[in-house]
Amino acid sequence: MNHELNSMTFIATEGIRLWHTAFDAINDAIAILDHEGRILKYNSSFGDLIAKNAEEIIGNFCHRLVHQTESFIENCPVTRARTSLQRETLEMKFLGKWFRVMAHPIFDKAGKVIGFVHVMSDISATKRAKEMLIERERDLSAVVDNLPGLVSRVDRDLRYRFASKGYERVFGFRPQDVIGRTMAEIIGPETFKQIEAYAHRALAGEQVTFESPIKKPTGEMEYGLVSFVPDAYADGTIQGFLILAMDITARKQAEEALRKQSEFLAVLLETIPRPIYYKDAAGKYMGCNKAFEEFVGRSRVEIIGKTVYALATPERADQLHQMDLELLAAPGKQTYERQVEGRSGELRHVIFNKATILHHDRIEGIIGVISDITARRRSEEEREKLREQLHQAQKIESIGRLAGGVAHDFNNKLGVIIGHAEIMQEVMGPADPLRPHLLEIIKSARRSAELTRQLLAFARKQTISPKVLDLNELISGMLSMLRRLIGEDIELAWHPGAGLWPVRMDPTQIDQILANLAVNARDAITGVGHLTIRTENRVVVDERRPHSEFVPGEYVLLSVSDTGCGMSAESLERLFEPFYTTKEVGKGTGLGLATVYGIVKQNDGFIHVQSQAGKGTVFSIYLPRVAVENPVRAVPATTAKPTGGSETILLVEDEDPILELSMTILTRYGYTVLAAKSPEEALAISESNQGPLHLLITDVILPQMNGRDLQELIKSRYPEIRTLFMSGYTADVIARHGVLDDGVDFLEKPFSIHALTAKVREVLEKSD
Ligand code: ADP
Ligand code: MG
């Protein structure tokens with residue numbers, strides 16, 4: 001009470017002065033107006049604001065000073081308050097600042113308006129803050145609404161409090177329709193199920209980010225990268241979370257496409273049978289395919305991260321590394337042909353196709369594809385060798401034909417020379433001074449005949465009578481003859497193979513082969529040495545043939561080796577050529593191996609020679625196995641004394657000298673000889689002949705008709721007649737490829753008196 005009294009006293013005494021002070025201290029510009037709006041009183045803020053002196057202000061209409069323009073009077077709060085009789089406000093710009101202008105009516109006790117309080121408050125700062133806020137909000141929503149993704153906020157019930165425009169694009173709901181609804185309602189129960197757990201984690205305060213497929217109402221799938229960011233109060237309580245979702249469909253699709261493409265590439269890489277690798281620019285392997293693993297014989301883990309130095313020998317690695325350096329210096333593609341070690345150290349011929357991998361002009365590494373052309377190279381070489389061999393074979397073949405032709409004619413002439421000389425020898429007394437000369441003629445002619453015989457053998461024109469033979473037995477029987485041939489300084493070793501298969505051959509040909517090889521061995525050995533003869537069974541398989549022309553099959557291998565001087569590569573290539581010899585004139589004829597070659601070929605066999613200068617020589621002769629009966633025992637040719645007879649012989653020969661010679665010999669030996677120069681003549685003689693005919697001796701090749709056909713015709717008249725064929729070389733009429741038909745009697749030209757008379761007796765006395 002006391003205190004109140006004191007206050008009252010204070011107001012009463014100090015009131016007016018205090019009021020004035022407060023009035024002036026107020027920041028707002030205040031004026032007191034009469035009931036018509038004239039200024040009665042104003043404070044210093046008002047004075048400062050209007051910036052006029054008291055005479056101009058007092059009694060002036062307030063709106064005139066404040067609004068300045070008449071048009072605003074309408075709007076003036078004083079004008080409005082006069083009619084509304086209550087406080088009116090207006091926000092207006094004055095002198096560049098914003099003011100809130102308020103007019104408050106003052107009433108007298110009777111409630112009549114006697115004036116107004118006019119207050120102008122500077123609200124520029126507030127106004128600016130508000131504008132800025134609005135502007136920020138506009139910016140924010142511009143950002144949020146134009147984000148490619150979705151932005152929203154949900155409360156603890158997962159009800160939307162805010163949603164960006166994106167919701168309309170994705171879910172078809174306008175933001176205002178989203179707000180207030182639950183997540184399950186907006187994104188659909190299916191999608192919601194997938195993200196429910198994340199929502200609970202966000203409500204527990206964890207920020208979560210995950211990828212989620214979003215099924216749009218249109219059925220389209222969209223991939224979202226979604227973040228839930230907890231929305232917490234300052235005290236840490238969580239009121240919900242922000243949802244930020246980005247459409248990553250394009251990225252997902254690109255990733256998927258990339259995944260597919262890299263899967264495709266990976267499969268492709270593994271499927272390509274060529275070794276492929278890639279390295280970084282420093283030369284470290286970054287990857288490779290299976291073929292590369294196999295090529296280098298290492299597994300991927302052993303390769304990746306290593307350089308070529310871990311895979312190849314240092315020198316080889318240097319070379320290979322050099323290739324990379326070259327390529328890095330001039331990026332692009334490059335092809336190199338190199339030899340590298342394969343997985344087991346063997347040399348492989350390869351082509352490297354290399355290319356630099358560039359990324360924005362920077363070299364990332366090198367990719368390499370290897371083509372192994374070893375096999376191709378080998379087959380090229382093989383082909384070249386084959387061509388060479390074929391060429392050689394053709395050469396020998398044509399020489400053979402030539403030699404065969406010459407030998408045939410020569411043979412006939414020799415036959416005549418030898419025949420007549422032998423007749424002279426028989427007639428001539430033992431003391432005749434011409435006798436030694438005649439013997440020389442016969443000796444030379446016989447040696448020449450031996451030469452032509454070899455030529456014919458080479459040309460495969462030798463007429464043979466093959467028999468099924470046991471080579472071991474046959475060769476055993478020849479050993480003493482061979483020992484005589486090679487002399488005492490050379491030791492002959494004989495290794496017959498066990499259970500040797502039989503072969504079908506003319507035994508005299510084995511004789512020819514071994515004699516020739518033995519003589520050659522003897523000539524190759526100076527001083528002492530060894531000659532070894534072996535036999536064994538041999539199966540030749542396709543991929544392991546000693547020589548390309550070999551036909552796979554079962555063979556009996558006859559090998560003859562010596563410890564002689566061996567031979568040069570040139571000799572090795574040419575040794576089967578007739579007349580090829582390295583021996584001095586008079587020593588060698590160059591026909592030995594040609595003969596051997598011809599014989600082997602004639603019997604469908606193969607021959608293979610291995611030799612090196614100074615290292616001796618091995619001749620391997622493969623004779624085809626014959627799948628038959630017991631081999632026959634080879635009977636040595638009879639050397640019975642020639643005897644004559646008194647039978648009648650029909651002799652047919654178109655060459656006069658031979659006809660004459662044969663007639664002379666046979667007549668001398670007591671036979672009755674009817675000579676014919678042609679088949680025609682022979683048939684005529686056989687027609688007119690009254691007595692018996694015991695033997696037909698005929699040349700095989702005759703004009704008009706061959707010997708065999710002639711024999712048939714004559715046989716129809718003389719069924720008992722026997723036939724002896726003569727020929728200089730094999731003719732298919734009686735022998736296919738030189739192989740005599742069974743039961744055919746044959747005399748090889750040129751023949752000696754002995755050969756002729758002995759054969760005639762043999763045929764006449766044959767007991768068939
Ligand atoms: P020739 O013996 O008359 O010279 P061949 O046809 O028998 O004729 O042999 C031809 C050549 O092959 C011989 O001159 C010799 O150079 C070579 N030759 C044959 N056999 C052997 C061997 N066993 N050792 C070394 N060289 C040989
Ligand atoms: Mg020889």
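Student: Starting with Glu-293, is this residue buried or exposed?
Tutor: Glu-293 is buried, at 14% relative accessible area. Keep in mind that this is a predicted model.

Student: Which residue does Glu-293 form a salt bridge with?
Tutor: Arg-300. The closest N and O atoms of Glu-293 and Arg-300 are 3.2 Å apart.

Student: And how accessible is Arg-300?
Tutor: Arg-300 has 27% relative accessibility. That counts as partly exposed, because the partly exposed class runs between 20% and 50%.

Student: Which residues are joined into one network by shared salt-bridge partners?
Tutor: Glu-211, Arg-251, Lys-252 and Glu-255. Their salt bridges share partners, and that joins the four residues.

Student: What about Glu-255 and Arg-251, how far apart are their closest N and O atoms?
Tutor: 3.3 Å, and the two form a salt bridge. Both residues sit in helix 11, which covers residues 249-271. They are 4 residues apart, about one turn of the helix.

Student: How accessible are Glu-255 and Arg-251?
Tutor: Glu-255 has a relative accessible area of 37%, so it is partly exposed. Arg-251 is at 39% and is partly exposed too.

Student: How many salt bridges turn up in the whole structure?
Tutor: The search finds 41.

Student: Which parts of the chain does the pair of Glu-222 and Arg-169 link?
Tutor: Distant ones. Glu-222 is in strand 9, residues 221-232, while Arg-169 is in helix 7, residues 166-171. They lie 53 residues apart. The closest N and O atoms of this salt bridge are 3.7 Å apart.

Student: Is Glu-222 buried or exposed?
Tutor: Glu-222 is buried, with a relative accessible area of 8%. Arg-169 is partly exposed at 43%.

Student: New topic: the nonpolar interior. How many residues are in the largest nonpolar core?
Tutor: There are 44. Leu-471, Ile-475, Ile-510, Leu-514, Ile-533 and Ile-621 touch the most other members. Helix 17, residues 471-486, gives the most to this core, with 7 residues.

Student: Why would nonpolar side chains sit together like that?
Tutor: In soluble globular proteins, nonpolar side chains tend to be buried together.

Student: Which residues does Ile-533 touch?
Tutor: Leaving out residues up to four places away in sequence, Ile-533 touches Ile-475, Leu-482, Leu-492, Ala-493, Trp-494, His-495, Leu-514, Leu-558, Ser-559 and Val-560.

Student: How many residues are in the second, separate core?
Tutor: That core has 25 residues. Phe-171, Met-183, Ile-186 and Phe-228 are among them.

Student: Now the surface. Which residues make the nonpolar patch of about 290 Å²?
Tutor: Phe-264, Leu-265 and Leu-268. Leu-265 lies in helix 11. At 43% relative accessibility, Leu-265 counts as partly exposed.

Student: How is the chain divided into domains?
Tutor: Domain 1 is 13-128, domain 2 is 147-253 and domain 3 is 272-372. Domain 4 is 464-624 and domain 5 is 648-765.

Student: How far apart are the C-alpha centres of domain 3 and domain 4?
Tutor: They lie 52 Å apart.

Student: What separates the C-alpha atoms of Asp-48 and Thr-535?
Tutor: A distance of 143 Å, with their places 487 residues apart along the chain. Asp-48 lies in helix 2, residues 44-50. Asp-48 is exposed, with a relative accessible area of 63%.

Student: And what distance separates the C-alpha atoms of Ala-125 and Lys-109?
Tutor: 39 Å, for residues 16 apart along the chain. Ala-125 is in helix 6, residues 124-146. Ala-125 counts as exposed at 53% relative accessibility.

Student: Last one, backbone angles. What is the phi of Leu-95?
Tutor: About 55°, which is positive although Leu-95 is not a glycine. Most residues other than glycine have a negative phi.

Student: Where is Leu-95 found?
Tutor: In the loop between strand 3 (88-94) and strand 4 (97-107). Leu-95 counts as exposed at 62% relative accessibility.

Student: What about the phi of Asp-361?
Tutor: It is near 70°, a positive value in a residue other than glycine. Asp-361 is in the loop between strand 14 (347-359) and strand 15 (362-372). Asp-361 counts as exposed, with 75% relative accessibility.

Technical notes
Residues are numbered from 1 along each chain as its sequence is written. Chains are lettered from A and ligands numbered from 1 in the order in which they are written. This is a predicted model: local features need pLDDT of at least 70, side-chain atom pairs count only at pLDDT 80 or more; totals for chains, interfaces and linings use all residues. Side-chain values use heavy atoms; hydrogens and water are left out. A nonpolar core is a set of buried Ala, Val, Leu, Ile, Met, Phe, Trp, Tyr and Cys residues joined through side-chain atoms within 4.5 Å. Buried means under 20% relative accessible area, exposed over 50%, partly exposed in between (1.4 Å probe, protein chains only). Helices (H or I, at least four residues) and strands (E, at least two) are DSSP runs, numbered from the N terminus. Contact means heavy atoms within 4.5 Å. A salt bridge is a side-chain nitrogen of Lys or Arg within 4 Å of a carboxyl oxygen of Asp or Glu. Patches are made of residues with over 30% relative accessible area and no salt bridge: like charges are joined within 9 Å, nonpolar side chains (Val, Leu, Ile, Met, Phe, Trp, Tyr) within 5 Å. Accessible areas come from the Shrake-Rupley method with a 1.4 Å probe; for residues, only the protein chains shown count as cover. Domain bounds come from an automatic or database domain assignment.
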